[in-house]
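Me: I should like to work through this structure step by step. May I put some questions to you, and would you reason towards each answer?

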Amino acid sequence: MFHSRSVEIWVGVFIAAGMAALFMLAMKVSNLSTATETGGYDVTAKFQNVSGLKVRSAVMASGVTVGRVTHISYDPKTFEAVVTLHIGDDFKSFPTDTSASILTSGLLGEKYVGLEPGGEEEVLKNGDTIHLTQSSLILEQMIGQFLYSKASEGKSTDGGASK
Amino acid sequence: MITWLQQLGRSGLDAFERLGRASLLFLYILGGIPSVLPRLRLLVQQLFAVGVLSIVIILVSGLFVGMVLGLQLYNTLVDFGAESSLGPVVALTLVRELGPVVTALLFAGRAGSALTAEIGLMKATEQLSGMEMMAVDPIKRVLAPRFLAGFLSMPLLAAIFSAVGVIGGYFVGVGLLGVDEGSYWSQMQDKVDLHKDVMNGVIKSLVFGVVAAWIAIFEGYDALPTSEGVSRATTRTVVHTSLAVLGLDFILTALMFGD
């Protein structure tokens with residue numbers, strides 16, 4: 001057998017390097033360091049339209065991530081989408097009249113839920129509902145509306161010129 | 001016509017017979033694993049031969065694969081002004097696919113072929129039957145430690161490969177091509193999920209470790225005890241392991257990321 005002491009040392013180095021690589025993948029590459037895991041509270045919000053929003057999308061206030069979307073479902077009675085937001089324990093002071101809107105980061109970026117605090121004294125607790133909501137903007141609808149209004153505008157100015 | 005059918009039938013039966021022998025050997029090896037634990041020295045020696053000696057090739061290829069990924073993806077992404085997502089693309093490609101798969105292919109060439117040749121030669125020189133004469137079970141003494149070493153080394157090697165690849169992509173992307181350093185890491189952390197991406201990559205490499213070690217050991221144990229038989233078994237190890245890994249990778253990817 002060859003030198004068993006150096007063999008053992010090298011195996012130790014190998015296992016340590018493998019563990020270090022896994023650790024690096026966990027801490028540096030993946031989202032473990034930014035994840036808000038245990039702790040925190042859930043609030044729900046109803047939106048007319050949540051297109052583009054996904055589970056694990058960010059919940060932001062003033063551009064700071066305060067939580068994640070944990071569940072999206074559809075309410076068949078009110079025909080609205082019900083979004084469950086999980087907000088971290090550090091952010092317990094949102095007033096009950098906080099408004100939630102679905103926003104886009106950048107022109108074509110990801111959707112996220114933006115929270116805008118109101119002025120009430122009482123704060124949101126676990127299981128509360130956010131009543132003031134604004135749905136996500138749908139680019140196709142906006143372009144359609146824009147084209148439609150442009151077209152009707154063009155017609156009326158044409159009509160004016162011909163008179 | 002009849003002889004042709006007979007040949008077809010025989011080759012089919014042979015294939016099933018080999019599969020049956022391989023499955024039985026797999027069960028025997030699994031049964032032999034508990035007896036390895038009190039003799040960790042055997043396992044350490046095999047970890048050295050299988051794992052430590054593969055580190056250099058894993059490091060070099062991981063670095064270069066990461067650098068090539070950085071270079072190629074940058075050229076594509078920069079057309080869309082999306083070079084800031086170089087980090088997540090490189091990391092996801094490595095962690096989900098290339099890390100486990102390329103490591104398994106390199107493992108088959110570097111360690112699997114060595115395992116087959118070693119066991120095949122042990123059989124050809126009647127060391128295995130000599131052990132049986134001395135009432136030492138070669139499955140517990142020779143095969144189980146090698147299997148366990150392959151199974152344990154693969155996820156570690158794959159993790160090293162992915163980590164080094166991400167660093168290689170960083171060198172090329174940030175150092176050479178001028179991607180913003182902050183967006184490389186922060187977008188990566190934003191998009192790569194620990195459980196969904198990193199852990200599924202580890203599961204993949206565990207599966208590949210079982211398959212690669214199993215095929216290598218079976219081919220060696222089942223080799224014809226001649227020099228030609230050993231050489232053929234070594235070739236078969238590399239070919240079969242590569243095919244099995246690539247096929248299994250598709251199935252695992254479909255199961256893990258297919259929704």
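Me: In this predicted model, which residues have the most contacts inside the largest nonpolar core?
Reply: The model is a predicted one. Its largest nonpolar core holds 74 residues. Those with the most contacts inside this core are A91(B), F147(B), I160(B), A212(B) and I217(B).

Me: Which helix supplies the largest share of this core?
Reply: Several helices each supply at least two residues of the core: α1 (4-29) of chain A, and from chain B α2 (40-50), α3, α4, α6, α7 (181-191), α8 (194-221) and α9 (227-257). The largest share amounts to 20 residues. The helix that provides this share is α6(B).

Me: Leaving aside its neighbours within four places in sequence, with which residues is F147(B) in contact?
Reply: F147(B) is among the residues with the most contacts inside the largest core. With neighbours within four places in sequence left aside, its contacts are I29(B), A213(B), W214(B) and I217(B).

Me: Which residues does the second, separate core include?
Reply: This second core is separate and has 20 residues. Among them are A81(A), L85(A), A100(A) and I130(A).

Me: How many helices and how many strands does chain B have?
Reply: Read along the sequence, chain B follows the pattern α-α-α-α-α-α-α-α-α. The pattern agrees with the count for this chain: nine helices and zero strands.

Me: What percentage of the residues of chain B count as buried?
Reply: The C-alpha trace of chain B spans about 65 × 55 × 35 Å along its principal axes. Among contacts in this chain between residues at least 6 apart in sequence, 87% join residues at least 24 apart. Of the 259 residues of chain B, the buried share is 44%.

Me: How far does helix α3 of chain B reach from its first C-alpha to its last?
Reply: Helix α3(B) covers residues 55-77, 23 residues in total. At 1.5 Å a residue, 33 Å is expected. The reach in the model is close to that value, at 32 Å.

Me: What covers the buried residues of α3(B)?
Reply: The buried residues of α3(B) are I58(B), G62(B), V65(B), G66(B), M67(B), L69(B), G70(B), L73(B) and Y74(B). In general, an α-helix has 3.6 residues a turn, so residues three or four places apart point the same way. The cover over the buried residues of α3(B) includes two helices of chain B, α4 (86-124) and α6 (138-176).

Me: Is E126(B) buried or exposed?
Reply: E126(B) lies in the loop between α4 and α5 (127-133) of chain B. Its phi is near 60°, a positive value in a residue other than glycine. Because 12 other C-beta atoms lie within 10 Å of E126(B), and 12 or fewer is the limit for this class, the residue is exposed.

Me: Is A135(B) buried or exposed?
Reply: A135(B) lies in the loop between α5 and α6 of chain B. Although A135(B) is not a glycine, it has a positive phi of about 60°. Because A135(B) has 6 C-beta neighbours inside 10 Å, it counts as exposed.

Me: Which are the edge strands of the open sheet in chain A?
Reply: Eight strands of chain A form this sheet in the order β7-β1-β4-β3-β2-β6-β5-β8, with mixed pairing. An edge strand here pairs on one side only. The edge strands are β7 (129-130) and β8 (132-134).

Me: Which residue in β8(A) stands opposite A100(A)?
Reply: Strand β5 (residues 99-104) of chain A and β8(A) run parallel, joined by three bridges. A100(A) is also one of the residues of the second core. The residue opposite A100(A) in β8(A) is T133(A).

Me: Which residue in β6(A) stands opposite A61(A)?
Reply: Strand β2 (residues 58-61) of chain A pairs with β3 (residues 64-75) in the antiparallel sense over four bridges, and there A61(A) stands opposite V64(A). β2(A) also pairs in the parallel sense with β6 (residues 111-116) of chain A, over three bridges. In β6(A), the residue opposite A61(A) is L115(A).

Me: Which residue in the turn of the hairpin formed by β2(A) and β3(A) has a positive phi?
Reply: Two residues lie between β2(A) and β3(A) in this hairpin. The positive phi in the turn is about 55°, and the residue is S62(A).

Me: How far apart are the C-alpha centres of domain 1 and domain 2 of chain A?
Reply: Chain A is divided into domain 1 (1-30) and domain 2 (38-138). The C-alpha centres of these domains lie apart by 44 Å.

Me: How many nonpolar residues are on the side of chain A that touches chain B?
Reply: The contact takes 19 residues from chain A and 23 residues from chain B. On the side of chain A, five residues are polar and one is charged, while the nonpolar residues number 13.

Methods: Residues numbered from 1 in each chain as written. Chains lettered and ligands numbered in written order. Predicted model: local features only at pLDDT ≥ 70, side-chain atom pairs only at ≥ 80, totals over all residues. Contact = placed C-beta atoms within 7 Å. Nonpolar A, V, L, I, M, F, W, Y, C, P; charged D, E, K, R; others polar. Pairing = 2+ DSSP bridges. Expected span 1.5 Å × (residues − 1). Core = buried A, V, L, I, M, F, W, Y, C linked by C-beta atoms within 7 Å. Domains from an automatic or database assignment.
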